[in-house]
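Q: Could you take me through one part of this model in close detail, and then show me how it fits into the rest? I am new to reading structures, so please explain the terms as you go.

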Amino acid sequence: MDQDSYLRPGRFIESDDPAIVAFAHAAAGGRRGRDAATALYYAVRDGIRYSPYRNFGRPESYSAKACLDQKLGFCVPKAALLAACARTVDLPARVGFADVRNHLSTPRLTELNGGDVFYWHAYTELLLEDGWVKATPAFDLALCERFGVKPLEFDGRSDSVFHPFDARNRRHMEYVNDRGPFADVPFDAIVATLGETSPRLLTDEPLSHNPVM
């Protein structure tokens, strides 16, 4: 796929939305390249509260614009928002996906998900000086401190992906299947998978619960 596809707006990566443009430029503060990418990462990580309790069957649940408007989202819209912000400041960006086993998932979330393997976990890939670098802005700092999980840092040089162990050396996140990168959120494919593995996430049932891991 040509690099231009990682700079253009998408259905879910709405990098031409005025609110996203304003948010990105304010966060970047005139920085370019790796410095801009790092600033954008922390703006999305901590400026948007993480919540997995959404209706995963609704397209708006995956939208970067809706994520910014609500200041709330799970891994997919937060990754989409970081990609949108990067494209706004002329950094090629895409969204990547993997299936992960969350060893610290709460019983309630595990029940709703139908198990401890969470399909189509999202992160952002940014094209910087040395090539594509992964950044995972999902868990905000306040949530990490609340649950004793190591917050993910990002320097624009090394991949920032979930730790296998938490701050108390408990098993945390295990990557079990790499689904690769996409120019935009593959909504239809995600919903098709969840329809088979986690149908309760495609209803409004999760919306009545507080955001926890």
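A: Let's look closely at strand S4, which covers residues 117–128 and is mostly covered, since 10 of its 12 residues are buried. Strands (E, at least two residues) and helices (H or I, at least four) are DSSP runs numbered from the N terminus, and buried means under 20% relative accessible area, exposed over 50%, and partly exposed in between, with a 1.4 Å probe and protein chains only. Please keep in mind that this is a predicted model, where local features need pLDDT of at least 70, side-chain atom pairs count only at pLDDT 80 or more, and totals for chains, interfaces and linings use all residues. Residues are numbered from 1 along each chain as its sequence is written, and side-chain values use heavy atoms, leaving out hydrogens and water.

Now to the partners of S4. On one hand there is strand S3 (residues 93–102), which pairs with S4 in the antiparallel sense over eight bridges; two strands pair if DSSP finds at least two bridges between them. You can find this pairing by eye: Val100 stands opposite Phe118 of S4, and Phe97 has Ala122 of S4 as its bridge partner. On the other hand there is strand S5 (residues 131–135), and its pairing with S4 is also antiparallel, over five bridges. Here Thr124 has Ala135 in S5 as its bridge partner. The link from S4 to S5 is a hairpin, made through two residues.

Let's follow S3 a little further. Nine of its 10 residues are buried, so S3 is largely enclosed by the rest of the structure. S3 also pairs with strand S6 (residues 173–182), in the antiparallel sense and over eight bridges. Val100 is a handy landmark for both pairings: it stands opposite Tyr175 in S6 and opposite Phe118 in S4.

Back in S4, two residues deserve a visit. Begin with Tyr119, which has its place in this strand. Because its relative accessibility is 30%, Tyr119 counts as partly exposed. Leaving out residues up to four places away in sequence, Tyr119 touches Ala98, Asp99, Arg179, Thr193, Leu194 and Thr197, where contact means heavy atoms within 4.5 Å. For a sense of distance, try Ala64: it is 55 residues from Tyr119 along the chain, and their C-alpha atoms are separated by 19 Å.

Trp120 also lies in strand S4. With a relative accessible area of 6%, Trp120 is buried. It is worth checking its backbone too, for Trp120 has a positive phi of about 60 degrees although it is not a glycine. Most residues other than glycine have a negative phi. Asp90 offers another case: its phi is positive, at about 65 degrees, and it is not a glycine either. Asp90 lies in the loop between helix H4 (75–88) and S3. At 54% relative accessibility, Asp90 counts as exposed, while Trp120 is buried.

For a look at a helix, turn to Ala27 in helix H1 (residues 18–28). Its relative accessible area is 18%, so Ala27 is buried. Apart from neighbours within four places in sequence, Ala27 is in contact with Ala39, Leu40 and Ala43. Ala27 and Cys85 are 58 residues apart along the chain, and their C-alpha atoms are separated by 9.1 Å.

Finally, let's step back to the protein chain as a whole. Its secondary structure comes to seven helices and six strands, and along the sequence these follow the pattern α-α-β-α-β-α-β-α-β-β-α-β-α. Of its 213 residues, 54% count as buried. Among contacts between residues at least 6 apart in sequence, 69% join residues at least 24 apart. The C-alpha atoms fill a box of roughly 45 × 35 × 30 Å, taken along the principal axes. The chain has a radius of gyration of 16 Å, which agrees with the value near 17 Å for a compact globule of 213 residues; this radius is taken over C-alpha atoms, and the globule rule is 2.2 Å times the number of residues to the power 0.38.
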